[in-house]
Amino acid sequence: MLRCIKAIAFGLVASVGLPNAANADINIGVTLSATGPAASLGIPERNTIELLPTTVAGQKINWIVLDDASDTTKAVTNIRKLIAEDKVDVVVGSTITPNSLAMIDVAADSETPMISMAASARIVDPSNPKTRWVFKTPQNDALMADAIAVHMKANGVKTLGYIGFNDAYGDGWLAEIKRSAQTAGIKVVAEEKYNRSDASVTGQVLKLVAANPDAILIGAAGTPGATPQKELVGRNYKGKIYQTHGVANPDFLRVVGKDGNGTLLPIGPMLVFEQLPDSNPIKKVSAEYITAYEAKYGKGSRTTFGGHAYDAYLLIAQAVPEALKKAKPGTKEFHAALRDALEKSNVIGTHGVFVMGPQEHNGLDNRARVMIKIDNGQWVLAK
Amino acid sequence: MDLSIAALLTQDGITNGAIYALLALALVLVFAVTRIIWVPSGEFVAYGTLTLAGMQLGKPPGTVSLLVGMAIVAGLLEVYVCIRRGEIARAPRRLLLWTGVPCVIAALVWWSAPLNLPFPVQVALTLAAVAALGPLLYRIAYQPIAEASVLVLLIVSVAVHFTLTGLGLWFFGAEGSRTPAFASASFQLGNVNVNVQSLLVVGTSAALIGVLYVFFGRTLYGKALRATAVNRVGARLVGISPSFAGTLTFAVAALMCAFCGVLIGPITTIYYDSGFLVSLKGFVGAIIGGLVSYPLAAAGALLVGLLESFSSFWASAFKEVIVFTLIIPVLLWRSLTTHHHEEDE
Amino acid sequence: MTRSRAAHALLVVALAAAPFIVPQFWITLGNYIGLYSIVTLGLVLLTGVAGQTSFGQAAFVGLGAYTTAYLTTRFGASPWLALAVGMAITLAVALMLGFITLRMKGHYLPLATIAWGMSLYFLFGNLDFLGGHTGMTGIPALNLFGFELRDERRYFYLIWAIALAALWATDNLLDSRPGRAIRALRGSLAMAEAFGVNGARLKIIVFIYAALLACVSGWLYAHLQRFVNPTPFYINQGIEYLFMAVVGGAGNVWGAVIGATVITLLKEMLQDLLPSVLGRSGNFEIVVFGILMIALLQFAREGIGPWLARILPARRPQPVPEAPPLATRERVEMNGPLLDVKRARKQFDGLVAVSDLSFEIRPREILGLIGPNGAGKSTTFALISGALSLSSGEVMFRGEPIGNLEPYEIARRGVGRTFQHVKLIAQMSVLDNVALGAYLRGEAGVIRAALRLDRAEEARTRAAAAHAIACTGLAAHMFDAAGSLPLGKQRIAEIARALAADPVLLLLDEPAAGLRYREKQELAQLLRSLKQQGMTILLVEHDMDFVMGITDRLVVMDFGEKLAEGDPAEIQRNPVVLEAYLGGV
């Protein structure tokens, strides 16, 4: 609004038709869920954006960060604001799948490239004139679910119970794990849901335990993932417990405490970069990012969500020089050139290696996941 | 479902129901005296748990700065009122009461947080800090519009809820916390494992219901407090200042909520925004009690807890749908069987 | 052209020109403001005017949005067809919910609205065919006369055309026969029902009206976003709509627009302003927003609308023009009693308040019903007017039993009444209050009123009300707010309202209570002149001097029973009566 008022103050003139003087800076708009239910995902992303350099290839970069409060309407308002008021060249966001899905139409209509930090493959697939403009940095749920299923199969798991959030995150995981489990010949014998801030999950856990599956997957993000886990341990559940990569933050370890021991989860390699072989190219990139992040936010503060934001930056940083060759920032041509360059990305990120193409706007493969285990409050690479 | 599962679900339902009941009591208490539907009660629960968790980690919790900030605002308001009424001589005393006392509590918490004092001391300090927020909140947000309609007071409550939730995120972060148990023991009752902490929650609720019931139903002062809600002028005539009644009520209610937070910290994870759903369910109980009856409010809250527990076993995805659909007939029954005076709401 | 019309015209022109002038993002915000205004408008009517607090409007928005999302994406249906289906579904759901929940009184209703709001949200999120929590993509843009409304600037016209139409209709509705009744629902239901308003039915109609507005807003939302998921329809959005209504000023249709505008713009401004003051985005917007709202409501607790209205010059009322009279009741000369109370009895649990009381009222007389405190006068009054039902016995009016009819049924038969505690709608003008008395003489319904097809009838109603006001000598106060009159005048206004109903029998409940000497004299004068014009009056009164002066006959009650009956002179000499009065003191 302030900017609106300024716009009016500087004259209706500009809006009636005189072209804006081309701005030499590159404007990058970010909308993320720093408040609301997805705040634990959005906050490390915002923290990461604050670390990022303000020049790329000699061009000044303005980062404009807005909070969408985990709300789809707000996310759409934000992207419209970023495009209309800030004339951004690329939009990063949002944190969660529904918000990102809601933003696609705006990005496509305005022909602005958008890099989502949400999990669902639906954001970029199938490839069509709308998703042409959309990219995403996190591993698809499917990739991670496959990792779990493969690990389960290798460890003799025949039956699986699922408990997850009663929201888009939990739904996404449920759908993917059912598919992956079927492929691996594992039977899903129980499906339960709970709310992030539920005080008790006793009912669900009793039902899970009664079904007595060989393993249980908890589809949750952040500390709420600890609630069913503690309940399961309290009810003497003896099978294997799997979590998703959503829980990989230090607060989860703090809250789950000793009840977390032995928990398995698939994860982007960055989280345990110290344990990777030196030959892995991801190690160096992750080390750079995590060192910087932990220097500012404290030792052990790393989360994988911050990595998604950093990867978005890496993609942009690689695409900008290409796009600059073709057009000036702030122009339609620049947006198109940036999009084309992003689509040709071949970038080593913190989570994996992005190899994009016209049909592939995520570009991560098996290198983008490792199985880890919680061992005495530490993330340890599982064999 | 066999008997042991039913017993476990019942135990779980009663524990949660007791938590909701504590909130329901606080809501009834506040409404009975001030006509405020106290939406932010849940935030006080969350602040209770998270403040204690912060002290456990040896970090001065954000509650301290909120306490100091509100104390300063309340003190300034009091001084302003004194000056406007030409009673400047009273100003220092008011300032000491409204700014001095909370600041002392805040200083104590801040100073003691890194010392890792014994657990009971930390609990006492947490309760003092969070309970002190209650009267300050009443003084700043509600007292200036104490005569407004119930709807306006409700909307102010919602605004307070927004503010406290936002501050909660800033103070405590997006992630949740648990606190150590008062008693980690458990024992066998038949073939059901009973958790002592749960018993503590249920016992506290039951005791408080008794105390409030007797206080408001049997004692003169309690009845007089209730009368302030109905007739503020009348209350003033018989010597009860509505603002004093409001302040006292908020202190008691805030203390109850903070205590509730300390009690449930060990059995569940509490987040900065946990309060809303918890207080909503407390509100369901309070309404079933017609916003006047403590025992009925507690019974309603217990009903919600049990419904929730059993429906999360039967069909967890539709838990809220089941709970909230099933309370509609209860509400209808209560509405049709209660005498109601037409009032200008 | 009046000044207010000029202001309205200016607003329309400004809105029409906006998409050509203002920056793109203003249009984005304008669209949302329009969408929110439509929902909030329903709440202004439902909560602000009718006094039924609802947290559940967001769920109805969701019904509209999901219906069109589902029909257009799964079956390729036309969005316009989907709108019709959505409204039909909303109507059915609102009818069902309203039927159950609007019976609830006090605080049960708001909670019930929360309950269905929560239920519908989790239902949306867990039904796979509605896309679950993740949501549904690919909702088509609207087409209107071959224009594709994909561009926000074009959509702006559609949203605001609908919003203005809704404002116009709602404003019309409030200024009409059903509108007066709706305004009485809040706090004056018993009074309204005494004048023939079917409160339960009207509440449901208002509820459906608000739900349909929400549904239309949801339909617009779905085709604007071209994506739906459950989050925008959660209970917190329902609270936000209520917030907008209260902040804007819930008593006036413009409050909806003001509230939606202020809240939307404030949030945007905070998002722009705060990061430059306090650093990063996200942490403090909601905190500062909350604090500002608290401050605002302390400053203007009725909301911004009424506060603005005080600043702006008031609209000058137009004199009421003459109009053809409303149909009047057929007045048959009767031989027997007009009202015959036969062994009427009312028992509350163990307590007998009225014990087998019998008396009659003859045409064209003023009958006084007197007795000491607690004698059962008020209960008798309530039995006759239908406010209480008989335990046994019967009350006959013009030879027809009315003992167990609803108050509005009794009113319909020609019994007008006043109230012991004055029940006028304080903010409404005397004219509107009195016009409410003529409720049963008109028939304009909500739709006719909203579309302004009720003007001929309305003119006649207003003329009749003005006539009743003139008769009672209140013409000078016709346009004053009823609450601003002194008590004596308020009691007179109550009589005027009863007269507007064209009654045969007038029941007056302690009309002289609390009046000063002069006022009592004026009242007595009025009652005499009414009698001369052929009115029959039952006067329940406490004040002996007043009663003795004007009644033809008296019935004296004590302990629920008839103590004596006769003309004033007889009663004054009656030893039993003297004993009851003097002995009881």
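**Note on the predicted three-chain model**

1. In this predicted model, strand β1 of chain A, residues 26–32, is joined to β3(A) by seven bridges, and the two strands run parallel. Individual pairs can be followed along this ladder: T31(A) has L66(A) of β3(A) as its bridge partner, and L32(A) is partnered by D67(A) in β3(A).

2. The other pairing of β3(A) to look at is with β2(A), where the two strands run in the antiparallel sense over two bridges. Here T55(A) stands opposite K60(A) of β3(A). Two residues lie between the strands of this hairpin, and A57(A) takes a positive phi near 50° in it.

3. These strands belong to an open sheet of six strands in chain A, which has mixed pairing and the order β2-β3-β1-β4-β5-β6. The edges are held by β2 (55–56) and β6 (134–136) of chain A, each of which has a single partner strand, so that one side of each is left without a neighbour in the sheet.

4. Strand β3(A) comes up again where chain A meets chain C, a contact that takes 33 residues from chain A and 30 residues from chain C. On the chain A side, the elements that give two or more residues are α1 (2–9), α2 (12–16), β3 (59–67), α4 (72–84), α5 (97–110) and α7 (168–183). Of these, α4(A) provides the largest share, with seven residues. By class, the side of chain A that touches chain C divides into 14 nonpolar, nine polar and ten charged residues.

5. Chain C also touches chain B, with 39 residues of chain C in contact with 41 residues of chain B. At least two residues each are supplied to the chain C side by α4 (79–101), α5, α8 (189–194), α10 (235–248) and α12 (285–299) of chain C. Helix α5(C) gives the most to this side, with ten residues. The side of chain C that touches chain B is made up, by class, of 24 nonpolar, eleven polar and four charged residues.

6. Chain B itself has 13 helices and two strands. Its radius of gyration is 21 Å, close to the 20 Å that the globule rule gives for 345 residues, so chain B is as compact as a globular protein of that length. Taken along the principal axes, the C-alpha atoms of chain B fill a box of roughly 70 × 55 × 35 Å. Buried residues make up 57% of the 345 residues in chain B. Among the contacts in chain B with a separation of 6 or more, 77% are between residues 24 or more positions apart.

7. Helix α13 of chain B, residues 319–337, allows a simple check of geometry: at 1.5 Å a residue its 19 residues should span 27 Å, and its end C-alpha atoms are 28 Å apart, which agrees. The buried residues of α13(B) are K319(B), E320(B), V321(B), I322(B), V323(B), F324(B), I327(B), L331(B), R334(B) and S335(B). They pack against α11 (275–288) and α12 (294–314) of chain B, together with α5 (108–126) of chain C. As a reminder for reading such a list, an α-helix has 3.6 residues a turn, so residues three or four places apart point the same way.

8. Within chain C, the domain assignment gives domain 1 (29–234) and domain 2 (339–414 + 504–584). The C-alpha centres of domain 1 and domain 2 of chain C lie 48 Å apart. The contact between them involves seven residues of domain 1 of chain C and six residues of domain 2 of chain C. On the domain 1 side of this contact in chain C, the residues are four nonpolar, two polar and one charged.

9. A last point concerns R441(C), which is found in the loop between α16 (430–437) and α17 (446–450) of chain C. Is R441(C) buried or exposed? With 21 other C-beta atoms within 10 Å, R441(C) is buried, because the cut-off for a buried residue is 20 or more. Leaving out residues up to four places away in sequence, R441(C) touches L326(C), A327(C) and D502(C). R441(C) and L326(C) are 115 residues apart in sequence, while their C-alpha atoms are 7.1 Å apart in space.

Note on methods. Residues numbered from 1 in each chain as written. Chains lettered and ligands numbered in written order. Predicted model: local features only at pLDDT ≥ 70, side-chain atom pairs only at ≥ 80, totals over all residues. Helix = DSSP H or I, 4+ residues; strand = E, 2+ residues; numbered from the N terminus. Expected span 1.5 Å × (residues − 1). Buried ≥ 20, exposed ≤ 12 C-beta atoms within 10 Å, placed from the backbone. Contact = placed C-beta atoms within 7 Å. Rg over C-alpha atoms; globule rule 2.2 N^0.38 Å. Domains from an automatic or database assignment. Nonpolar A, V, L, I, M, F, W, Y, C, P; charged D, E, K, R; others polar. Pairing = 2+ DSSP bridges.
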